[in-house]
Structures are given as structure tokens and as C-alpha cells.
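Here are my comments on the model you sent, set out as numbered points so that each can be checked against the coordinates.

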Amino acid sequence: MKHTALANGVKMPMLGYGVYQIAPEDCERCVLDAIKVGNRLIDTAQAYNNEEAVGNAINKCGIPREELFIVTKVWISNAGYEKAKASIEQSLKKLQTSYIDLLLIHQPFNDYYGTYRAMEDAYKDGKLRAIGVSNFYPDRLIDLCNFVEIKPMVNQVETHVFQQQKEAHKIMDKYGVKHMSWGPFAEGRKDYFSNPVLLEIAKKYNKSSAQVALRLLNQSDVIIIPKSTHIERMEQNFDIFDFKLSEEDMKRISELDESESAFFSHYDPETVEFLCSLGR
């Protein structure tokens with residue numbers, strides 16, 4: 001497994017398993033399968049309503065806690081110092097662990113500065129091994145980096161072959177923030193898995209288009225958390241370290257970048273109004 005060193009020296013796996021949109025009744029089994037396949041990074045969130053299932057899997061998997069890397073996120077409705085502080089304790093309880101490896105602010109709305117101060121304090125108290133953000137566009141990330149005591153160590157943003165976040169990646173590098181992808185398959189949108197360029201390159205390496213897409217991100221120094229509820233697909237998603245894309249193939253896939261979201265934009269007023277309404 002390939003790891004990356006965060007700004008504070010903590011080692012984080014470059015490949016893991018995401019549990020977004022996995023129902024609580026299925027999540028425990030899925031996480032146990034993902035760990036069985038070899039995943040040690042598990043990504044959840046307060047808003048996913050499955051932290052408890054992840055906690056159950058952590059306890060049952062038989063892998064020492066220190067070998068796992070657990071990520072969760074503070075939701076908009078828990079923003080602000082006091083609410084965030086309380087929500088961190090709730091997440092620790094649900095995950096059945098004395099510490100969280102990486103805690104992120106889920107969205108840059110409501111009092112995210114107060115949230116971040118609560119995270120800094122929890123980090124100093126040893127309840128968090130690393131802190132960061134999610135869905136922070138370059139402008140918000142630069143703002144936060146310049147006015148906090150402990151700079152965010154990770155920024156999780158939509159990243160896939162059609163939205164490669166090249167300019168945002170440069171900003172993250174400048175501020176020492178690791179780039180983490182959500183939606184590495186764009187949830188299959190834009191005929192993702194039947195894209196002719198990905199299929200042609202996949203045939204060359206005797207891999208699937210999904211594996212080629214993940215390998216592109218891996219070689220671009222992006223942390224990835226693909227999701228599947230089927231163990232066969234989990235095994236395939238984990239099997240991307242026995243080949244390397246050539247510079248020519250990387251360039252061809254790079255040209256698929258449309259530089260726009262396949263889901264939503266924080267620059268769209270209606271999207272922002274909707275997300276803000278979730279914080280009330």
C-alpha cells in the first residue's frame with residue numbers, strides 16, 4: 001500500500017474505502033469486506049448516518065486500531081465551536097474509538113471558523129491525529145490557511161477524470177495540503193466506464209477502465225476512496241499497484257478533463273442556498 005506523509009508527519013494511505021450513500025444496515029458488512037480486501041483507510045461522515053456501522057466494523061475486523069486510518073467529517077448543522085466540539089465527541093462514541101485519524105469540515109458553510117477552532121483543540125488534546133477540510137474551493141482554502149493556527153492537512157474535493165482539479169491541486173501543494181478525491185468514478189456519470197480512451201488504455205495494461213481511472217489519480221498524488229458494495233469490485237479497485245501509466249497515457253487521460261463539476265458548484269447561488277438550509 002502506498003502512503004503519503006501529511007504536514008504533521010502522520011502517514012495516510014493513498015487508497016481507501018468510502019461509505020457515502022451506503023445504508024447503515026449494509027455498511028458494517030461492506031466495511032468488513034473492504035478491510036478484508038486490504039483497505040485500511042475508511043472514509044465516513046456525520047451526514048452519512050453510518051458512523052456507528054463503521055465503528056462496529058472497526059471492532060469486529062480483527063485489525064489493530066493503529067493499523068486503520070479512520071476519516072469522518074463535521075456536518076454543516078454542527079458548525080460553530082460548541083456544536084462542533086460536541087459532535088466530535090458524538091463521532092468518537094459512534095465510531096467506538098478514542099481518536100479519529102483525520103477529521104474534516106464537510107462543507108465551507110455556517111461558522112466553519114468556529115468548527116475549525118474546535119478541531120484544533122481536539123487535535124491538541126490527542127483526539128484527532130490530523131485535521132482538514134472538504135469541498136473547499138481555492139479561495140476558501142487560501143482564506144482558511146492564512147488565518148488558522150494549524151493549517152488544514154487534507155482537502156477532499158470532487159476529483160475524477162472529467163474534473164481533475166489541476167489548478168486547485170497546485171494551490172493545495174503551495175499550502176502543504178494533501179489532495180483527496182471524492183467521487184473518483186463520478187458515480188458513473190458521463191458514460192464513465194465506457195469512455196473509449198479509458199477502455200483503449202485499459203486494454204493495453206490488461207486492466208479495467210475503472211482501474212485506469214484510479215491509477216491516474218494515484219499517479220497524480222491524489223488520495224482516493226472508491227466505493228462499491230460488492231467485494232469483487234472492491235478487490236478490483238484495490239488492485240492498481242501492479243502497473244504504471246506511461247506519460248503518454250497520462251496525457252491522453254488528462255485531456256478528458258472538462259474542468260467543471262459533474263454534480264454541483266459552490267458558485268451556483270441555488271446550490272449554496274440549499275446547502276445552507278441544511279445547517280439550520
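1. In helix α2, which spans residues 51-60, the buried residues are Glu 51, Ala 53, Val 54, Gly 55, Ala 57 and Ile 58. Please bear in mind here and below that this is a predicted model. The buried residues of α2 pack against two helices, α1 (24-37) and α3 (81-95), and against the strands β4 and β5 (69-74). Such a pattern can be read against the helical repeat, since an α-helix has 3.6 residues a turn, so residues three or four places apart point the same way. After α2 comes Gly 62, which has a positive phi, near 85°.

2. Arg 29 is placed in helix α1, and with a relative accessible area of 40% Arg 29 is partly exposed, because that value lies between the 20% limit for buried and the 50% limit for exposed residues. Although Arg 29 and Asn 56 are 27 residues apart along the chain, their C-alpha atoms are separated by 9.5 Å. The side chain of Arg 29 also reaches the backbone oxygen of Thr 229, at 3.4 Å.

3. The strands form an open sheet of eight, with parallel pairing and the order β3-β4-β5-β6-β7-β8-β9-β10. Its edge strands are β3 (17-18) and β10 (222-223), each of which pairs on one side only. At the β3 edge, two bridges join β3 to β4 (residues 41-43), and these two strands run parallel; Gly 18 is found opposite Asp 43 in β4.

4. Further into the order, β6 (residues 102-105) is joined to β7 by three bridges, again with the strands running parallel, and Leu 103 stands opposite Ile 131 in β7. Which residues cover the two faces of β7 (residues 131-134)? On one side they are Ile 131 and Val 133, on the other Gly 132 and Ser 134, and all of them are buried.

5. Asn 155 deserves a separate look, and it belongs to strand β8 (residues 154-158). Its relative accessible area is 0%, so Asn 155 counts as buried. The side chain of Asn 155 reaches the backbone oxygen of Phe 136 at 2.9 Å. Setting aside neighbours within four places in sequence, the residues in contact with Asn 155 include Val 133, Ser 134, Asn 135 and Phe 136, together with Leu 141 and Met 172 and with Val 177, Lys 178, His 179 and Met 180.

6. The largest pocket holds about 990 Å³ of space. It is lined by 40 residues, of which Tyr 20, Gln 21, Trp 182, Gly 183 and Glu 187 are the closest to its centre. The elements that contribute two or more residues to this lining are α9 (231-238) and α11 (269-277). Sorted by class, the lining of the largest pocket has 18 nonpolar, 16 polar and six charged residues.

7. For the second largest pocket, the space amounts to about 380 Å³, and among its 19 lining residues the closest to the centre are Tyr 137, Gln 163, Gln 165, Ala 168 and Ser 259. Both β8 and α6 (166-174) supply at least two residues of this lining, and α6 gives the most, with three residues. The lining of the second largest pocket divides into eight nonpolar, six polar and five charged residues.

8. A search of the whole structure also finds two cavities of 30 Å³ or more. The largest cavity, with a volume of about 40 Å³, is lined by Leu 15, Gly 16, Tyr 17, Asn 39, Pro 226, Ser 228, Met 234, Asn 237 and Phe 238. Helix α9 provides the largest share of that lining, three residues, and by class the lining has five nonpolar, four polar and no charged residues.

9. The second largest cavity likewise has a volume of about 40 Å³. Its lining consists of Val 74, Trp 75, Ile 76, Ala 79, Ile 105, Gln 107, Phe 109, Tyr 112 and Thr 115, and in terms of class there are seven nonpolar, two polar and no charged residues.

How values were computed. Residues numbered from 1 in each chain as written. Predicted model: local features only at pLDDT ≥ 70, side-chain atom pairs only at ≥ 80, totals over all residues. Heavy atoms only, no water. Helix = DSSP H or I, 4+ residues; strand = E, 2+ residues; numbered from the N terminus. Buried < 20%, exposed > 50% of the residue type's maximum accessible area, 1.4 Å probe, protein only. Polar contact = N/O pair within 3.5 Å; in protein donor to acceptor, adjacent residues only side chain to side chain. Contact = heavy atoms within 4.5 Å. Pairing = 2+ DSSP bridges. 1 Å grid on protein atoms, 1.4 Å probe; cavity = no way out; pocket = protein on both sides within 12 Å on 5 of 7 lines; lining within 4 Å. Points joined across faces, edges and corners; volume = space filled by probe spheres on them. Nonpolar A, V, L, I, M, F, W, Y, C, P; charged D, E, K, R; others polar.
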